Amino acid sequence: MRPQIVPRFVRTRLRKYGRAIRLSVHRNARSQRPRRLGVLHHIAITSTKQRCGLGSELVSKFVSIGQIHSVEAFQLLTHTSNQSAKRFYLKHGWSVKDEISDNDGEEWVLMTC
Ligand SMILES: CC(C)(COP(=O)(O)OP(=O)(O)OC[C@H]1O[C@@H](n2cnc3c(N)ncnc32)[C@H](O)[C@@H]1OP(=O)(O)O)[C@@H](O)C(=O)NCCC(=O)NCCS
């Protein structure tokens, strides 16, 4: 519509607008990237060796190794009836995110850290 303003636009605005668009595209790409999730599936210490610190050592190493690999969040499921496991994880900084029941009617606590 007003070609006479094009040179001025190119001189004063084009680079600024281009940088803003590039930054916004980059930010969107980063925010859409799926978060890396570490899932703790099974941990069991033989009964005669429980409460000696072995479980704590395993969980803390699991989290440290995940963090080295850029894992941003960790989760696990523990059976609702397993109160000792729940206490164990709470003691290690995990928190209860949800309580769910599966298709077989089993109740689980979803914990994250
Ligand atoms: C849960 C489990 C992995 C913990 O490992 P662990 O080596 O015994 O635990 P640690 O010695 O490192 O830590 C002990 C702490 O955890 C908690 N804890 C562990 N077992 C517990 C129990 N049976 N009752 C109450 N608290 C318990 C306590 O806070 C305890 O601290 P304390 O001894 O100072 O009171 C282990 O008990 C186990 O293998 N249980 C059977 C399998 C299982 O339930 N796995 C988890 C499924 S998700």
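Which helix does Phe9 lie in? Let's find out by walking through this model, which is a predicted one. Phe9 belongs to helix 1, the stretch that covers residues 6-32. Its relative accessible area is 34%, so Phe9 counts as partly exposed. Phe9 also has company on the surface: together with Val6, Val10, Leu14 and Tyr17, Phe9 forms a nonpolar patch. Taken together, the residues of this patch have about 430 Å² of accessible area.

Now follow the chain onward to strand 1, made of residues 37-40. Here a general idea helps. In a regular strand, side chains take turns pointing to one face of the sheet and then to the other. You can see two faces in strand 1: Gly38 and Leu40 are on the covered face, while Leu37 and Val39 are on the uncovered one.

Strand 1 has a partner, strand 2, which spans residues 73-79. The two strands pair in the parallel sense, and four bridges link them. To find a spot where they face each other, look for Leu40, which stands opposite Leu76 in strand 2. How does the chain get from one strand to the other? From strand 1 the chain crosses through helix 2, residues 54-68, to reach strand 2. This β-α-β crossover is right-handed.

Next, let's turn to charges. Side chains with opposite charges can pair when their charged atoms come close. How many salt bridges does a search of the whole structure find? There are two.

One of them joins Arg35 and Glu72, with 3.6 Å between the closest N and O atoms. Arg35 sits in the loop between helix 1 and strand 1, and Glu72 sits in the loop between helix 2 and strand 2, so this pair ties together parts that are 37 residues apart in sequence. Is Arg35 buried or exposed? With a relative accessibility of 57%, Arg35 counts as exposed, because the cut-off for that label is over 50%. Glu72, at 41%, counts as partly exposed.

The other salt bridge is between Lys61 and Glu57, whose closest N and O atoms are 3.0 Å apart. Both residues are in helix 2, and they are four residues apart, so about one helical turn separates them. Lys61 is partly exposed at 44% relative accessibility, and Glu57 is partly exposed at 43%.

As you turn the model, try tracing the path once more: begin at Phe9 in helix 1, move on to strand 1, and then pass through helix 2 to strand 2.

Terms used. Residues numbered from 1 in each chain as written. Predicted model: local features only at pLDDT ≥ 70, side-chain atom pairs only at ≥ 80, totals over all residues. Heavy atoms only, no water. Buried < 20%, exposed > 50% of the residue type's maximum accessible area, 1.4 Å probe, protein only. Pairing = 2+ DSSP bridges. Right-handed = clockwise from strand over helix to strand, strands pointing away. Patch = residues over 30% accessible without salt bridge, like charges linked within 9 Å, V, L, I, M, F, W, Y side chains within 5 Å. Areas by Shrake-Rupley, 256 points an atom, 1.4 Å probe, with all protein chains shown as cover. Salt bridge = Lys/Arg side-chain N within 4 Å of Asp/Glu carboxyl O.
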